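Q: Hey, can you walk me through this one? I'm new to reading structures.

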Amino acid sequence: MDGFIVVDKPIGVTSHDVVGMVRRMAGQKKVGHTGTLDPFATGVLPVALGEGTKAITFLDEGVKEYQAVMMLGTATDTQDCTGNVTSSSDCSAITEQAVAEVCLSMVGKQSQLPPMFSALKKNGVPLYKLARQGTEVEREARGIEIFSLVIDRMNLPQVSFTVRCSRGTYVRTLAHDIGLKLGCGAHLVQLRRTTSGPFTIQDAVTPDLLQERLKLGVNAVGLVSPYAALAHLPDLVLSEKGAARVMCGIAPADNDFLTIPDEIGHGQLVRLSIGGGLLAVAEAVLPPGTGEQLSFRLSRVFNLDNSFTDQRVCGNSI
């Protein structure tokens, strides 16, 4: 199998555990995931299989969506319900209006300090390992963006909300920061990812359901092809001759294309395809000041279908 399976990650397992499950179920060695989810979190975890692993670098997962529940009045060292309580305060005076105003103030571009309990590394050591040893190190704040933050339900001190945010945003840190602004502390008690770029919870399957579908065959799995996963990239359709070149790792010539969109510019990534199958991701190149025609440099070739591979082409006999 080559492509992506959208797994609905269950609570209490790591993203690495899910990759192991899929690897065993599918009987494939080449398996990876995009965008780690914390063990206490659930929801969308795209798992790449076979040639799909080559597409991970080119995915557009710039927008993620989460449904979360935070508890006001208590802060923890992990910023979620798995950690130790670091502070508690009386939040009975906090009003729904105050919560709504603070949540609204979080929308937009901002700097966020990554938590110590995270997979980020310091001198090659994951921060969570240092945190477990009681060590806190200096971290650099990172630029993130909260596109929207909608309160779904308030039953103070609990607040349920849906947030759409940029890649790299820690939702538990967002809850922690909201608690700081309210002056009472807060931590996450639930987190569910519903969208990660092109992958949504509507397409997700639980590990148990995936196992049942695999018994019925590949077509029952709901595999997202690399071509579909990279739909944000312009599509350039090749002739059979051009496809044969690309499958051999040779950049296509000017007359190898059936279609070239007019809006492609220098440095832009594109899909090279034939018959709806992804053959490669390439970068458009236009040497500055030369007036030459746009050419394409191969970034990654996908071995999804070798029916167009011709040994005479690979031997430069064209």
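A: Sure. Keep in mind that this is a predicted model. A good place to start is a helix pair: A98, V99, V102, C103 and S105 in α3 meet I178, K181 and L182 in α5.

Q: What kinds of residues make up that contact of α3 with α5, nonpolar, polar or charged?

A: Six are nonpolar, one is polar and one is charged.

Q: OK, and at what angle do α3 and α5 pack?

A: About 125°, and their axes are 10 Å apart. That angle is outside the 65 to 115 degrees that count as roughly perpendicular and not over 145, so α3 and α5 are oblique to each other. Their crossing is right-handed.

Q: You listed I178 there. What else is I178 in contact with?

A: Setting aside neighbours within four places in sequence, I178 is in contact with M70, V102, C103, M106 and L149.

Q: Which residues touch the most other members of the largest nonpolar core?

A: M70, L72, L149, F161, V163, I178 and L188, out of 29 residues in that core. Several elements supply at least two core residues each, including β4, α3 and β10. The largest share comes from α5, with five residues.

Q: Switching topic: where's the cis peptide bond?

A: It joins L156 and P157, with omega about 15°. P157 sits in the loop between β10 and β11.

Q: And what's up with phi of Q79?

A: Phi of Q79 is positive, near 70°, and Q79 isn't a glycine. Most residues other than glycine have a negative phi. You'll find Q79 in the loop between β5 and β6.

Q: Is Q79 buried or exposed?

A: Buried, because its relative accessible area is 10%, and buried means under 20%.

Conventions: Residues numbered from 1 in each chain as written. Predicted model: local features only at pLDDT ≥ 70, side-chain atom pairs only at ≥ 80, totals over all residues. Heavy atoms only, no water. Axes fitted to C-alpha atoms, helices over the stretch in contact; angles between N-to-C directions. Helix = DSSP H or I, 4+ residues; strand = E, 2+ residues; numbered from the N terminus. Parallel < 35°, antiparallel > 145°, perpendicular 65-115°, else oblique. Left-handed = near helix turned anticlockwise from the far one by under 90°. Contact = heavy atoms within 4.5 Å. Nonpolar A, V, L, I, M, F, W, Y, C, P; charged D, E, K, R; others polar. Core = buried A, V, L, I, M, F, W, Y, C linked by side-chain atoms within 4.5 Å. Buried < 20%, exposed > 50% of the residue type's maximum accessible area, 1.4 Å probe, protein only.
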